[in-house]
Amino acid sequence: MITLEGRIVVSRALAHPGWRVIRLLVTPAAQAALRDALDAMPPDRRPTVEVLSAEELTAVGGFQFHQGCLAYAERPAPVSWQQLDLDDGRRGQVRTAHRRTVIVLDDVRDPDNVGSIFRSALAFGVSAVLLGPGCADPLYRKAIRTSMAATLSLPFAKLEPWPDALDDLRALGFTLVAATPDADARGLDDAAEAVRQSAAIALLVGSEGAGLSAAALARADERVRIPVGSAVDSLNVAVATAILLYEMR
């Protein structure tokens, strides 16, 4: 079971045919805001609705940030990354408007960062997010909330076995692009045009503290850094991912 909070997230989950919301806890105001979404659902898919005061909702949920709306949904069965059908038959072909792009997260533990990355990934047409070891659960409530429900619609799976599966991605035609602040990496302006010529890109991003693991960096085809001022050594991983996706789209 997963927990959904906030009217936008819950309304998107109610409208998504792939998600089964079982129970909905709302204040009277939130119930009115979600009425159209509930009315649009087939009767056999509508969740049980319980109307509570804001104080009762906080007591039941155990936390305050919910915007008068909490929902509980079935957790889908996990899938392997090979089931995501990343090899779409265009291997080796450069089609800028339809380039395959995936993001590989390496030890990104903060659920807010994971959620923000999913939100940017959905905005820039990423096909899937692949999770290396140590990553936060994309279906944790904070990750869902930060992603504005992008984690409910963008495919994801664990990339296993790690790190050997990175070689399997390359065999599917993906260019492995590692995001790193290392001074010996190519600057984004210099690397972006070359990266855009790839038919498929796997963007590798690591934790904000340690960055990408040595195993991931060793398998990268290209190392890219975003030039920043001397006052900071790097950008937040979610911010950096959004910049890279925009430049390489």
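**Notebook: a serine, a sheet, two pockets and some unusual backbone**

I began at Ser198 and, setting aside its neighbours within four places in sequence, I found it in contact with Arg99 and Thr175. I note here that the model is a predicted one. With Thr175 the contact includes a polar one, since I read 3.1 Å between the side chains of the two residues. I placed Ser198 in the loop that runs between helix 8 (188-196) and strand 10 (200-206). Is Ser198 buried or exposed? Its relative accessibility is 13%, and because buried means under 20%, I entered Ser198 as buried.

**The sheet**

I next traced the open sheet, whose seven strands come in the order 7-6-5-10-8-11-9 with parallel pairing. Strand 7 and strand 9 (186-187) are its edge strands, each of them pairing on one side only. As general background, strands of a sheet pair through backbone hydrogen bonds, either parallel or antiparallel.

I then followed strand 11 through its partners. Strand 8 (residues 175-179) runs parallel to strand 11 and is joined to it by three bridges, and I found Ala178 standing opposite Arg223 of strand 11. Strand 9 also pairs with strand 11 in the parallel sense, over two bridges, and here Gly187 has Arg225 as its bridge partner. Which side chains of strand 11 are buried? Glu222 and Val224 point to one face and are buried, whereas Arg223 and Arg225 point to the other face and are not.

**Pockets**

I looked up the largest pocket and noted a volume of about 690 Å³. It is lined by 33 residues, and those closest to its centre are Ala77, Pro78, Val79, Phe156 and Ala157. Strand 7 (residues 156-158) supplies the largest share of this lining, with three residues. By residue class, I recorded 20 nonpolar, seven polar and six charged residues in the lining of the largest pocket.

For the second largest pocket I noted a volume of about 480 Å³. Its lining has 24 residues, of which Ala179, Thr180, Pro181, Ser234 and Leu235 lie nearest the centre. Which elements give two or more residues to this lining? I listed strand 10, strand 11 (222-225) and helix 10 (237-248), and the largest share, three residues, comes from helix 10. The lining of the second largest pocket divides into 14 nonpolar, six polar and four charged residues.

**Backbone**

I finished with the backbone, keeping in mind that most residues other than glycine have a negative phi, and most peptide bonds are trans. Where do the cis peptide bonds that I looked up fall? One joins Glu160 and Pro161, with omega about -5 degrees, and another runs from Trp162 to Pro163, with omega near 0 degrees. I placed Pro161 in the loop between strand 7 and helix 7 (165-171), and Pro163 likewise belongs to the loop between strand 7 and helix 7.

I also entered two residues with positive phi. Asp107, although not a glycine, has a phi of about 60 degrees, and I found it in the loop between strand 5 (100-106) and helix 5 (111-123). Ala149, again a residue other than glycine, has a positive phi near 75 degrees and sits in the loop between helix 6 (141-146) and strand 7. Its relative accessible area is 6%, so I entered Ala149 as buried.

Notes
Residues are numbered from 1 along each chain as its sequence is written. This is a predicted model: local features need pLDDT of at least 70, side-chain atom pairs count only at pLDDT 80 or more; totals for chains, interfaces and linings use all residues. Side-chain values use heavy atoms; hydrogens and water are left out. Helices (H or I, at least four residues) and strands (E, at least two) are DSSP runs, numbered from the N terminus. Buried means under 20% relative accessible area, exposed over 50%, partly exposed in between (1.4 Å probe, protein chains only). A polar contact is a pair of N or O atoms within 3.5 Å; within protein, one must be able to donate a hydrogen and the other to accept it, and residues adjacent in sequence count only if both atoms are side-chain atoms. Contact means heavy atoms within 4.5 Å. On a 1 Å grid over the protein atoms alone, a cavity is a set of points where a 1.4 Å probe fits but cannot get out, and a pocket is an open set with protein on both sides within 12 Å along at least five of seven lines; lining residues have an atom within 4 Å of a point. Grid points are joined across faces, edges and corners, and a volume is the space filled by probe spheres set on the points. Ala, Val, Leu, Ile, Met, Phe, Trp, Tyr, Cys and Pro count as nonpolar, Asp, Glu, Lys and Arg as charged, and the others, Gly among them, as polar. Two strands pair if DSSP finds at least two bridges between them.
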